[in-house]
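Me: I am new to this structure and would be grateful for a close look at one single part of it. Please choose the part, and explain in a connected way what surrounds it.

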Amino acid sequence: SVLMVIVALVMISYALFSIVSSHLRARNMLNEWEKLVEAQGRITPSPSPVVNPDPSDSTSEPQTPDENSPTPVPVVTEPVYNDYIAGLLVFPTIRNKKVVVVRGTTDEDIRGAAGMATYLTEPGVPGNTLVFGHRDGVFSGFANLSIGDSIMFKMLNGEFEYIIESFTIVDPYDELITRRYEDDMLTLVTCYPFNYIGNAPRRYIVVARI
């Protein structure tokens, strides 16, 4: 009986540690995304030469450069890109829930984030953007989604709005999960049942169209 109590305490401690570490990583990932967005906002276009709007205006005095003026330095505008952080999912009907999406689907990738499969397409390209997340973590609240709800996928190169068109419960290796599409589609995958204790046996599939 003592051994059983010890095992139970260890399991509870591990579960609590996993929950706390997942929440901490989710917060850190949001901070990293906000830094990327801020860096994107700081990009300024290269200065354009000043041109006389009316060249025929004879009253305009030609301007000679001031020898003491510093030579303007062109601004190099490099796009902000992150190989790991793909973007941000926003669920307006789940209290505007925000979930950072990373490129990768390992256990570490989807701890505190959603993981996008790198072997399929990304938003803005025809095909299937496939994203995984934990039902008791970043994808909690999926039971409150409805057909017709909007899902925003924000990336540094633009924002993409998807409309939910179906929910399906399937086996873990069902072909629906990795199905290829001709249109720009978003497939979100999490475990099911939502309140299952342990490794849930099925998968809850949310399919949305741009």
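Reply: Two strands are said to pair if DSSP finds at least two bridges between them. With that rule in hand, the part examined here is strand β8, which spans residues 202-209. The model is predicted, and the confidence of the prediction deserves a word at the outset. The protein chain has an average pLDDT of 81, and 72% of the residues score at least 70. Within the chain, confidence is highest in β8, at a mean of 97, and lowest in α1, at 72. Over residues 43-51, by contrast, the pLDDT is below 50, and the model shows 13 contacts for this stretch beyond near neighbours in sequence. Residues 73-78 also stay under 50, with 11 contacts beyond four places in sequence.

The neighbours of the strand come next. β8 pairs with strand β7, residues 184-192, in the antiparallel sense over 8 bridges. Along this pairing, Tyr204 of β8 has Thr190 standing opposite. β8 also pairs with β6, again in the antiparallel sense, here over 7 bridges. In this second pairing, Val207 of β8 faces Ser166. As for its surroundings, 6 of the 8 residues of β8 are buried, so the rest of the structure largely encloses the strand.

Charged side chains add a further link. Side chains of opposite charge can pair when their charged atoms come close. In the model as a whole, the count of salt bridges comes to 7. One of them involves the strand under discussion: Arg209 and Glu165 form a salt bridge, with their closest N and O atoms 3.0 Å apart. Because Arg209 belongs to β8 and Glu165 to strand β6 (residues 158-170), this pair ties together parts that lie 44 residues apart in sequence. Arg209 counts as partly exposed because its relative accessibility is 32%, and Glu165 is likewise partly exposed, at 36%. The link extends to a third residue, since Glu165, Asp183 and Arg209 are joined in a network of salt bridges.

Aromatic rings form another theme. The model contains 7 aromatic pairs. One of them lies outside β8: the ring centres of Phe91 and Phe139 are 6.2 Å apart and their planes stand at 85°, so the pair is edge-to-face. This pair joins distant parts of the chain, as Phe91 is in strand β1 (residues 85-91) and Phe139 is in the loop between β4 and β5, 48 residues apart. Phe91 is buried, at 0% relative accessibility, and Phe139 is buried as well, with a relative accessible area of 1%.

A second pair leads back to the chosen strand. Phe194 and Tyr204 are also edge-to-face, with 4.9 Å from centre to centre and 65° between the planes. Phe194 sits in the loop between β7 and β8, whereas Tyr204 is in β8 itself, 10 residues apart. The two residues can be contrasted in their exposure: because buried means under 20% relative accessible area, Tyr204 falls in that class at 11%, while Phe194 counts as partly exposed at 26%. Both residues belong to one aromatic cluster with Phe167 and Tyr192.

In summary, strand β8 is paired with β7 and with β6, is linked to β6 by the salt bridge of Arg209 and Glu165, and contributes Tyr204 to the aromatic cluster.

Definitions and conventions:
Residues numbered from 1 in each chain as written. Predicted model: local features only at pLDDT ≥ 70, side-chain atom pairs only at ≥ 80, totals over all residues. Heavy atoms only, no water. Salt bridge = Lys/Arg side-chain N within 4 Å of Asp/Glu carboxyl O. Helix = DSSP H or I, 4+ residues; strand = E, 2+ residues; numbered from the N terminus. Buried < 20%, exposed > 50% of the residue type's maximum accessible area, 1.4 Å probe, protein only. pLDDT = per-residue confidence, 0-100. Contact = heavy atoms within 4.5 Å. Phe/Tyr/Trp six-rings, centres within 6.5 Å; stacked < 30°, edge-to-face > 60°.
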